[in-house]
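Let us take a walk through this structure together, following its charged side chains. Have the view ready, and turn it as we go.

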Amino acid sequence: MISPALLERVACPVCLESAGCPQCSAPAGHAACRDDYVRRVRCACGGPDKVRLEARAEAALVCPCCGASYALRRDEGYADLGPVRPVGEVTQYADHEFQERLGTTDTEPVLSARVKADMMRRMLAPGAGEVVLDLGCGAGKLALYAGRDGARAAGVDVAPFFLAGAVAAVDLVRGDLRRLPFRKGAFPSAYSLDVLEHLDEPGVLDVLVEARRTVGPGGRLFVYTHAMESSALARFQRAVNRLARRLGQAGLIDHGREALRKSDHVNAIRSHEHFEALCAEAGLEVAERRYYNVVFKAVVEDLGLRLYEQARRRKPRPSEATEGRSANSLRASVKPPGALAMAAARALTWVLKLDVVLFGGVRTGPFFGLLRPRGGVQEGPHA
């Protein structure tokens, strides 16, 4: 959806106001935005604010600095605020067919997705009425979940393939995380799950800088991603993954979806110290961190669930072919799990949470992190 509150928060993704501190102020005009954007937005003061968009028609917003026009796609439920010129490589998640092959539904997250979502809610702790921004929201599944318990959700993603439930309940923006189209301090909190590993190092830094500006000096940012290191416990996961790949090659399980999900991972974060250095460069600091050693997940979700799914899988009938359908009808064709399957998945989710309870203090690559602006106001979780 596109609410009036969202329209108060949006801005041109690539234009900065001329006013700033002595180090990042610039003469009026678009030249400084075009030629000096990176230096100015990374200023230690937090950088200038972005230029507010002006409504010129019911379905369009215009930047008074660069003159670019951005569409409000009300029938489709999102504001189209992507930069006119590409910022860098575009993930394959922006591809329609790729999204449909993932088969996302708007049912509540379960298993490892629920573990990540619940860690976000615990560490970020959005309060009642607080608007939390999902950075890289995908189809909007986790944004729907984040909006529970009185919080309100907004989502931004490079691909406009949103679930019908998200379109109805979540403020949605198509945009590039490396050039977020929001005013300074527009959201008190934001989160990013399974996103940073898809970016190269400059892209990771860009996202952290943009997120720090968007949450403002008193805001909070939650991330789930991973560094390229592992614990001794990870050897067990790698052994399970090798077994899953062999079973997939033998046709005993479908290992393709997981391989598809990770197929464009760049994995630019070399270590936790490297991530901390990137955060510092972006004006952030790691306030809290928990590790995610996936022992129970490897057995239950990566292997056991795949065997179960393969046993129940049936070949689709010709009438079920998806060629030529629209994005909305394709998404509607994905059948959600039944009540019994959801009950079993909820129970297994509690088993998977043992990975965090038992091993969350053991240093490894995957981690949950709560970040705060360096020198920002520390007003508690519901500031």
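**Following the salt bridges**

Our tour of this predicted model begins with Arg213, which forms a salt bridge with Glu210; their closest N and O atoms are 3.0 Å apart. Both residues sit in helix H7, 3 residues apart, or about one turn of the helix. Are these two partners buried or exposed? Arg213 counts as buried, because its relative accessibility of 1% is under 20%. Glu210 is buried too, also with 1% relative accessibility.

Why can such partners pair at all? Side chains of opposite charge can do so when their charged atoms come close.

Stay with helix H7 and look for Glu201, which forms a salt bridge with Arg270, with 3.2 Å between the closest N and O atoms. Glu201 belongs to helix H7 (residues 201–215), while Arg270 is in the loop between helix H9 (256–261) and helix H10 (272–281), so this pair ties together parts that lie 69 residues apart in sequence. Glu201 is partly exposed, at 31% relative accessible area, whereas Arg270, at 51%, counts as exposed.

Next, move on to Glu276 and Arg289, whose side chains meet in a salt bridge at 2.5 Å, N to O. This pair links distant parts of the chain: Glu276 lies in helix H10 and Arg289 in strand S12 (residues 284–291), 13 residues apart. Both are partly exposed, with relative accessibility of 33% for Glu276 and 23% for Arg289.

Salt bridges can also share partners, and in this way Glu108, Arg114, Asp118, Arg346 and Lys353 are joined into one network. Altogether, the structure holds 25 salt bridges.

Technical notes:
Residues numbered from 1 in each chain as written. Predicted model: local features only at pLDDT ≥ 70, side-chain atom pairs only at ≥ 80, totals over all residues. Heavy atoms only, no water. Salt bridge = Lys/Arg side-chain N within 4 Å of Asp/Glu carboxyl O. Helix = DSSP H or I, 4+ residues; strand = E, 2+ residues; numbered from the N terminus. Buried < 20%, exposed > 50% of the residue type's maximum accessible area, 1.4 Å probe, protein only.
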